[in-house]
Amino acid sequence: MFEDLGQQLINGLHVGSIYALIALGYTMVYGIIKLINFAHGDILMIGAFLAYFLVRAGVPIPLVIIISTVLCALIGVAIERFAYKPLRSAPRISALITAIAVSLFIENLFMILFKPDPRPFPTVLKLKAISIGSLKINGITILTIVLSAILMILLEFFINKTKTGKAMRAVSQDKQAALLMGININRTISATFAIGSALGAVGGILFSMSYPIIEPYMGMMPGLKAFVAAVLGGIGIIPGAMLGGVMMGVAESLTKSYISSQLSDAVVFGILILVLLIKPAGILGKNTREKV
Amino acid sequence: MNQKLKHYGINFGIILILYFILFGAINSGVINGYHEGIIIMAGINIILAVSLNLTTGFLGELTLGHAGFMAIGAYTAALASMNMELPSVMQLIVSIIIGGLVAAIFGFLIGMPALRLRGDYLGIITLGFGEMIRVIITNLEITGGAVGLKGIALLSDFTNVYWVTILTIVIIFMFINSRHGRSVIAIRENEIAAEAVGVPTAFYKIFTFAMSAFFAGIAGGLFAHYQTVLDPKKFDFMFSIEMLVMVVLGGMGSITGAIVSAIFLTLLPELLRDFSDYRLLIYAILLIITMLFKPSGLFGTKEFSIHQLIKGRKQSAKGKIEAGGSE
C-alpha cells in the first residue's frame, strides 16, 4: 500500500516537474505582458519534433537538446515579434484571441507538414533504474527531476542576480517607469519569450522521452495543464509555477491510480476551479484590489 | 413609434420572403438534401455564434467552453426526446427547451462563482469546464460513453431550424436593445463605473451567462435531432474555438456580424472541400489577420439593417445634391 503510494508520488513528481518547466514559460510571459500565451504548448510540440528529427539524423543527445531549445527560443521570439507586439496596446481580449489563433496555426501547419499520425519517439538514453528498498525509480524519472530542478534554480538565479533578470522584474512591475529608467522594453520582452520557450522546449523533450509518442496536437493537453499549474500557484510568480506544476502532477498520478484514469483530466480542472474560488489569485498569489 | 413598426414590418417581410424562397427551393429540389443540410448547420451555427456573442461581445467576458453548454443541451434534449411520445414538432420543441434549460442551469452554476473572477481567469475556468463536461460525458453510461448516443429521432428540418434561429436572433436583439442590454454593455465598457452608477453587475453577468448557455443548449438540441447520433468528441475545445472565431470575425458586439460570419464560416469548408486539411489553418490565418488589422472584427459593434441602408442611400444622394449646389 505505502510502496504503491510512494511509487505514485514519484510518478507525480516526474510529470509534475515537466509541467513546472512548461508552466514557467506561461508565468514569465504573463508576468511581463499579461497575456496567456496559448502557443506555448505548441512550442513544446515543436521542441519534441525538432528533437525527433535531430535524433533520427544521428546527432548526439546533448547537442540535440541544445539545438532544439535554441531554435524554439528563436521561434518564441519570432511569435512575439510578429503576432503579439503589434497588439501590445490593443484590448487584452484581442491579444488573447491572437494567441489562440497562433496556437491553431502552428498545430495545423504541423498537421499538414508531418501528417497527423503519431510517431514513436526513439529511445535515446538508456539509463539504469535505481531501487530504494522496494521502490524502483526509472532513469528517465531521475533525469527529469534533476534537470528540472537545476533549470529552475538557474532561472531563479538569473531573474534575481543578472541585469536582464532585474530588467524583467522591473518591466513586469511598471512598464512606463522601467522605460524612464532606460530599460529597453522590447529587448526585455524578447528575452522573456526566449527563456520561456527554451524551458518549454526542454519540457517537451523530457515529455516525449517519458511518453514516447509525438504528434502535432501533443502540446495541447500538457500545455493546458501547465497553464493550470501556473494559475494554481499564482500566475506571474515563479516559485508558484513550480509548486503548481508538482501539485498538478501528483494530483494527476494519484487520480489515475486510485480513482479513474479516464477522469484525471476532469479532476485536474476541478482542482483549478476549487482553488480559484477560494483564492482567486492562486496559492502563492496576493489578492490585489481593483483600482478605480 | 409608427416608424419603428414599419421597420419591424419590413424586416419581418424579408424574413418571410426568404423563408418561402428557401422552402420552395428545397421542396422543388433546386436545393438538394446535401445543401439543405448545410443550411440547417448554418442556422445552428448562427444560434451558437449569436449566443456566444452575448458573453464575449456584449458582456466582454471571454468564454472558451461554449461547446460544453451545447453538449449539455444536445445530450439532455436527445435523452428527453428519446423518452417521450409527442407529435414530432411538439416533441422537438419540448426537448430542445428542456435541453436549453438544463444548459442554462449549468451556465448559472458555473457563472455564479466564475464571474467573481476577471477576464483571463474566466476564460480558463470555462475552458476547464468544457473539457470536464466532455470527459464526464465520455465516461457516463446514459450518454452512450465514447461510442456515442444513437437512435435520436430525426426531427430537425429546415422549417424548424429556420424559425428557431429567427426567434433566437429576435430575443437576443430585443434583450440587447432593452434597458438590460444597455446595462450589459455598460459592464463591458467599464465594470467599476457601471457598478458605481448602480448597475447590479453580478446579476447581469450571471443572467447574460445563463442566457448564453440557454441558447447554446437550444442549438445543441437542434443539432442532436438533426445528426441523430451524438459523439462526445464533437464537443471538444476546438469546437469552442470555432464558435469564438465566428464571433470574433464578425465583430464582437455585432449580432448581424455574428450571423454573417457564421454563414460564411459554415459555407467556407464546403467551398474548400478539396482543401479540407487546410480548413483550420485558414481559420487561424483569418483570425490573426483580423486581429492585427481590425481587432474589433469585420463589423465592429455596428449592426447592418435594411432601412438604415435605404436611408443612408437617400441621405448620401441628398448630400451629393447639396454639395453640388454649393459649388
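How many helices and how many strands make up the secondary structure of chain B? In this predicted model, chain B contains 13 helices and zero strands. Read from the N terminus, the elements of chain B therefore appear as an uninterrupted α series, α-α-α-α-α-α-α-α-α-α-α-α-α. The radius of gyration of chain B is 21 Å, close to the 20 Å that the globule rule gives for 327 residues, so chain B is as compact as a globular protein of that length. Taken along the principal axes, the C-alpha atoms of chain B fill a box of roughly 80 × 55 × 45 Å.

Chain A includes strands as well as helices, with 11 helices and four strands. Its radius of gyration of 19 Å is close to the 19 Å expected from the globule rule for 292 residues, so chain A is as compact as a globular protein of that length. The C-alpha trace of chain A spans about 60 × 45 × 35 Å along its principal axes.

Burial and surface were then considered for each chain. In chain A, 53% of the 292 residues count as buried; in chain B, buried residues make up 53% of the 327 residues. The accessible surface of chain A comes to about 13,100 Å², and carbon and sulfur atoms account for 67% of that area. Chain B exposes about 15,000 Å², with 68% supplied by carbon and sulfur atoms. Chain A carries 23 positive and 12 negative charges, whose mean positions lie 11 Å apart. For chain B, the mean positions of the 21 positive and 19 negative charges are separated by 10 Å.

Contacts within the chains were examined by sequence separation. Of the contacts in chain A with a separation of 6 or more, 76% are between residues 24 or more positions apart. In chain B, 80% of the contacts between residues at least 6 apart in sequence join residues at least 24 apart.

In soluble globular proteins, nonpolar side chains tend to be buried together. In the present model, the largest nonpolar core comprises 179 residues, and the members that touch the most other members are A:Leu24, A:Phe38, A:Tyr84, B:Ile44, B:Leu64, B:Leu230 and B:Phe235. Helix α1 of chain A, residues 2-33, provides the largest share of this core, with 14 residues. The contacts of A:Phe38 involve both chains: leaving aside residues up to four places away in sequence, A:Phe38 touches A:Tyr26, A:Leu96, A:Ala99, A:Ile100, A:Ser103 and A:Leu224 in chain A, together with B:Leu64, B:Ile124, B:Leu127 and B:Phe237 in chain B. A second, separate core has eight residues, among them B:Tyr19, B:Ile31, B:Phe158 and B:Ile166.

Two buried residues illustrate local packing in the helices. A:Val64 belongs to helix α3 of chain A, which covers residues 61-84. The relative accessible area of A:Val64 is 0%, and A:Val64 is therefore classed as buried, the limit being under 20%. When residues up to four places away in sequence are not counted, A:Val64 touches A:Ala51, A:Leu54, A:Val55 and A:Val59. Of these contacts, the one with A:Leu54 links residues 10 apart in sequence, and the C-alpha atoms of A:Val64 and A:Leu54 are 6.0 Å apart. In chain B, B:Asn45 is located in helix α2, residues 33-59. B:Asn45 is likewise buried, with a relative accessible area of 8%. Outside the residues up to four places away in sequence, B:Asn45 touches B:Met246, B:Ala262 and B:Thr266.

Backbone geometry was also inspected. Most residues other than glycine have a negative phi, and most peptide bonds are trans. A:Lys115, however, has a positive phi near 65°. A:Lys115 is placed in the loop between α4 (92-114) and β1 (119-120) of chain A, and counts as partly exposed at 46% relative accessibility. In chain B, B:Thr228 also has a positive phi near 65°. B:Thr228 is found in the loop between α9 (201-227) and α10 (237-250) of chain B. With a relative accessibility of 21%, B:Thr228 counts as partly exposed, because the buried class requires a value under 20%.

Technical notes: Residues are numbered from 1 along each chain as its sequence is written. Chains are lettered from A and ligands numbered from 1 in the order in which they are written. This is a predicted model: local features need pLDDT of at least 70, side-chain atom pairs count only at pLDDT 80 or more; totals for chains, interfaces and linings use all residues. Side-chain values use heavy atoms; hydrogens and water are left out. Helices (H or I, at least four residues) and strands (E, at least two) are DSSP runs, numbered from the N terminus. The radius of gyration is taken over C-alpha atoms; the globule rule is 2.2 Å times the number of residues to the power 0.38. Buried means under 20% relative accessible area, exposed over 50%, partly exposed in between (1.4 Å probe, protein chains only). Contact means heavy atoms within 4.5 Å. Accessible areas come from the Shrake-Rupley method with a 1.4 Å probe; for residues, only the protein chains shown count as cover. Lys and Arg count as positive and Asp and Glu as negative; His and the chain ends are not counted. The place of a charge is taken as NZ of Lys, CZ of Arg, CG of Asp or CD of Glu. A nonpolar core is a set of buried Ala, Val, Leu, Ile, Met, Phe, Trp, Tyr and Cys residues joined through side-chain atoms within 4.5 Å.
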